[in-house]
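Got the viewer open? Keep a selection box handy, and we'll go through this one stop at a time.

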Amino acid sequence: MRYDNPELRDRLAAEYVLGTLPSRSRRRFERLIADDPALATVVARWADRWAPLDTATPTEPPPPRVWRAVAARTRSRPARAPLAHQWLASLAFWRGLAVAACSAAALIVYITVSRELSGPPAPTVVAVLADQSGDPSWIAIAGPQRGEVSVSAAGPQAEDPRHSFELWGIAGGAPHALGLLRPQPGKAATIRADQLPPPGDLLAVSLEPPGGSTTGLPTGPVISKGKVLLTPP
Amino acid sequence: MKRFEDRSGFGSPLQLEQLVRRTSRADATAFAMLYRQSAPKLFGIALRIVGNRDEAEEVLQESFVAVWQRAGDYDAQRGSAAGWLVTIVRHCAIDHLRRRARRPEGRKAPDELLTSLASGDRGADRSAELDALQRCLGELDEQPRRAILLAYLYGFTREEIAVALAAPVGTVKSWLRRGTERLKRCLDP
C-alpha cells in the first residue's frame, strides 16, 4: 500500500482512532506513526474530534484495590537498586508491556523525539514469541547472568496437567530441544545462550506430554514462535 | 490544549500535564495525585468499553502501570495529557476485548447512549464541541452512524458491527469509511 496518499492516510488515521483496524494493520500503522510526525498529527486531530464523547462519559470511582495493585507494581523503579533487583524491575516492565499490549500502541503517538539518556536500564530482549493471533505469549531476555537467557510467559498460559510447554530452537529448519518452560508469568526458565539458534532463526514452543517430548522432536502443536533478534551478550 | 476542561473530571489541563512530567521523573507522589485526579474519568471510559467492572479494573490497572513506565514519552507538543491518558485506556480496553471471546451483553443501543451522554452534559458550560459532534453524527444515515458509534463507544470490530447490524463486512467497511469522511467535513467546515 502507498502511504503517501493523503486520503488514505486520513482514512487509516480515522479507523485507527475509531479502533476498527484489525490488530495486524493496527500494528503496522503504529510503526508508521512512530516515524512520521505529520501522520501523528492527523491521528491526534481525529482523537480531538471524538474527545467530547469521552469528556461526557460519566466518571466512576474505581475501588481502592486498583490503586493498591498499581502502587505495588510500580513501587520498584529505584534509581539505585541492587543490580538483580533492577533487572527484575525491567523484566516486570517488559512483561507488563506484553501482557497489556496496551501501552506501546497508544504511546507511540506521543513519543518525544529526543529521549533522556539516563533512563532506567532496559532489558535486552532476545526474542518475543507470538501466538497464532500475533499476540506475544513468551519472551526471552538476556540474563540474569552473562551467557544466560531467561524465557518466561508474557501472560498467564492455560495450564493443563496433561501437557508441558517445551521450547525449541529451530536452526536452518531443524528443531533442537531447549527445555521446558513454566507457564506462570514471573517464573523464568534459564537456558544457555550458546544453545540458541542464530539471529533470524526461530524459537518455538510446542505442547508436549508431561516432562517433554521423548523423541527429541516436537510431537504436539506449536503454539507460539518468534525470531531470535540478536545474540545475547 | 483546551480539549478537557475542569468539568471533565480531569482537573486543570496544565496541572495534569505537570503531574505527568513529574511522574516521568519517578515522582511517586505526583503519580498518586495523577491517579487520584484522572482515574475516575478513565475508569468510566474503560467501563463503557469493556462493559463490566472486573475487567474495567484490569484495564485501568494495566493502563496506569503503562503510564508510570512511559510517562517520559509524553510530549505536550503532540496533544493534551488528558488525551494521552484516554488514548492509553481506550487502546488497552480494545485490546482486552479482542483477547477474549465473550462480549459484554445488555448494553444500551449506541444512539441511546449518545443521547444520554449528551443530555447528561448539560451544565452552563456545556461543550460546544459535543453539540457539534452530536449534530454531525445526526447528519449521517442511521446504519453508518450506528456502526461508527458501536466502534467508538464500545470498541466493536468490523465483524462484530456486521453481526450487530446484520450487514456484510464489506458494507460495514464502507459505512465506516464514508461515515468518518462525512463527519470530518461536517466538523471542520
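## Stop 1: R53 of chain B

Start by selecting R53(B), which is partly exposed because it has 14 other C-beta atoms within 10 Å, a count between the 12 or fewer of an exposed residue and the 20 or more of a buried one. R53(B) sits in helix 3 (residues 53-70) of chain B. Add F43(B) to the selection: it lies 10 residues away along the chain, and the C-alpha atoms of the pair are 8.8 Å apart. Before going further, keep in mind that this is a predicted model.

## Stop 2: the rest of chain B

Now show chain B as a cartoon. What secondary structure does chain B have? There are nine helices and zero strands, so a sequence-order readout is simply α-α-α-α-α-α-α-α-α. Colour by burial and 48% of the 189 residues of chain B come up as buried. Take the chain B contacts between residues at least 6 apart in sequence, and 65% of them join residues at least 24 apart.

## Stop 3: a helix pair in chain B

Select residues 13-24 and 28-50 of chain B, which are helix 1 and helix 2. Their axes come within 8 Å and cross at roughly 140°, and the crossing is left-handed. To see who does the touching, show these side chains:

- from helix 1 of chain B: L16(B), L19(B), V20(B), R22(B) and T23(B)
- from helix 2 of chain B: A30(B), F31(B), M33(B), L34(B), Q37(B) and S38(B)

Sorted by class, this contact has seven nonpolar, three polar and one charged residues.

## Stop 4: two alanines with positive phi

Stay in chain B and pick A26(B), in the loop between helix 1 and helix 2 of chain B. Its phi is positive, about 60°, although A26(B) is not a glycine. That deserves a second look, because most residues other than glycine have a negative phi. Is A26(B) buried or exposed? Neither, quite: A26(B) counts as partly exposed because it has 16 C-beta neighbours inside 10 Å.

Jump along to A166(B), in the loop between helix 8 (158-164) and helix 9 (169-187) of chain B. Phi is positive for A166(B) too, near 50°. A166(B) counts as exposed because it has 7 C-beta neighbours inside 10 Å.

## Stop 5: over to chain A

Switch the selection to chain A, which has six helices and eight strands. Along the sequence they run α-α-α-α-α-α-β-β-β-β-β-β-β-β. Chain A has 233 residues, and 36% of them count as buried. Of the contacts in chain A with a separation of 6 or more, 63% come from residues 24 or more positions apart.

Zoom in on helix 1 of chain A. It has 13 residues and reaches 18 Å from its first C-alpha to its last, close to the 18 Å expected at 1.5 Å a residue. Which residues of helix 1 of chain A are buried? They are L12(A), A13(A), A14(A), E15(A), Y16(A), V17(A) and L18(A). Right after this helix comes G19(A), with a positive phi near 95°.

Next, go to P144(A), in the loop between strand 2 (136-142) and strand 3 (148-153) of chain A. The peptide bond joining G143(A) and P144(A) is cis, with omega about 0°.

## Stop 6: where the two chains meet

Show both chains together. Here 49 residues of chain A are in contact with 63 residues of chain B. On the chain A side, the elements giving two or more residues are helix 1 (6-18), helix 3 (37-56), helix 4 (64-74), helix 5 (83-100) and helix 6 (103-108). Helix 3 of chain A gives the most, with 12 residues. By class, this side of chain A divides into 28 nonpolar, 11 polar and 10 charged residues.

## Last stop: colour by confidence

Finally, colour chain A by pLDDT. The mean is 76, and 78% of its residues reach 70 or more. Within chain A, helix 1 has the highest confidence, at 92, and helix 5 the lowest, at a mean of 36. Select residues 77-101 of chain A: pLDDT is below 50 there, and the stretch has 38 contacts in the model beyond near neighbours in sequence. Residues 103-120 of chain A also stay under 50, and the model gives them 38 contacts beyond four places in sequence. Where pLDDT is low, the predicted coordinates should not be read in detail.

Note on methods:
Residues numbered from 1 in each chain as written. Chains lettered and ligands numbered in written order. Predicted model: local features only at pLDDT ≥ 70, side-chain atom pairs only at ≥ 80, totals over all residues. Contact = placed C-beta atoms within 7 Å. Helix = DSSP H or I, 4+ residues; strand = E, 2+ residues; numbered from the N terminus. Nonpolar A, V, L, I, M, F, W, Y, C, P; charged D, E, K, R; others polar. Expected span 1.5 Å × (residues − 1). Axes fitted to C-alpha atoms, helices over the stretch in contact; angles between N-to-C directions. Left-handed = near helix turned anticlockwise from the far one by under 90°. pLDDT = per-residue confidence, 0-100.
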